[in-house]
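Okay, everyone, thanks for squeezing in. I've got one structure to walk you through, so let's put it up.

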Amino acid sequence: MNSSFNQLLVRWLVLALGVILATKLVNGISYDDGMTLLVVVLLLSFFNAILKPLLMLFTLPFILATMGLGIILINALLFLWVGKLVEGFYVASFWVAVKGAIVVSLTNLVVSALVRSPKAAPRAGPPPASAPKRGKDDDVIDI
């Protein structure tokens, strides 16, 4: 398996965990069975990949005016749409969808921070011998 496929699987698992936590923590969100959860995760992934960037582009002034809080409303709207489209997945109202979207976003944030690999530390010391040497009069930008 290649790395990008593994990353996609991890993202789906984190999203599934977020939806499960939202159903446990927020009254008004529920799903019937595991197959429904799978469909919800796939549809939310599709919406996040296709619709969310378009919605963010069209609502950019609102997002800037609310200092980013508009993104939560977009996430809630996508969550609510999935609740309307998938039979067996229930989202009671828009404000319940807001709470669910916040739980899913926080789950994604926490798990991504735990799974993320540490960045390589910058190397100390002189540059490698193969690095070009710059002189004082070398102000030309090479293209």
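I'll start with the overall layout, then go to the core, and finish on one helix.

First, a heads-up: this is a predicted model. The protein chain has 5 helices and 2 strands, and reading from the N terminus the order goes α-β-α-α-α-β-α.

How much of the chain is buried? Of the 143 residues, 28% are. As for the outside, the chain exposes about 10,400 Å², with carbon and sulfur atoms supplying 68% of that. And if you take contacts between residues at least 6 apart in sequence, 66% of them join residues at least 24 apart.

Now the core. The largest nonpolar core has 27 residues, and the ones touching the most other members are V19, F79 and F89. At least two residues of this core come from each of α1, α2, α4, β2 and α5. Let me pick out V19. Which residues does V19 touch, leaving aside anything up to four places away in sequence? The list is L37, V40, L44, F79, F89 and V104. So two of the other well-connected ones, F79 and F89, turn up there.

Last stop, α5, which covers residues 94-115. With 22 residues, α5 reaches 31 Å from first C-alpha to last, close to the 32 Å expected. Its buried residues are V96, A97, V98, G100, A101, V103, V104, T107 and V111. And what do the buried residues of α5 pack against? They go up against two helices, α1 and α4, plus the strands β1 (29-31) and β2 (89-91). V104, buried in α5, is also one of the residues V19 touches.

How values were computed: Residues numbered from 1 in each chain as written. Predicted model: local features only at pLDDT ≥ 70, side-chain atom pairs only at ≥ 80, totals over all residues. Heavy atoms only, no water. Helix = DSSP H or I, 4+ residues; strand = E, 2+ residues; numbered from the N terminus. Expected span 1.5 Å × (residues − 1). Buried < 20%, exposed > 50% of the residue type's maximum accessible area, 1.4 Å probe, protein only. Contact = heavy atoms within 4.5 Å. Areas by Shrake-Rupley, 256 points an atom, 1.4 Å probe, with all protein chains shown as cover. Core = buried A, V, L, I, M, F, W, Y, C linked by side-chain atoms within 4.5 Å.
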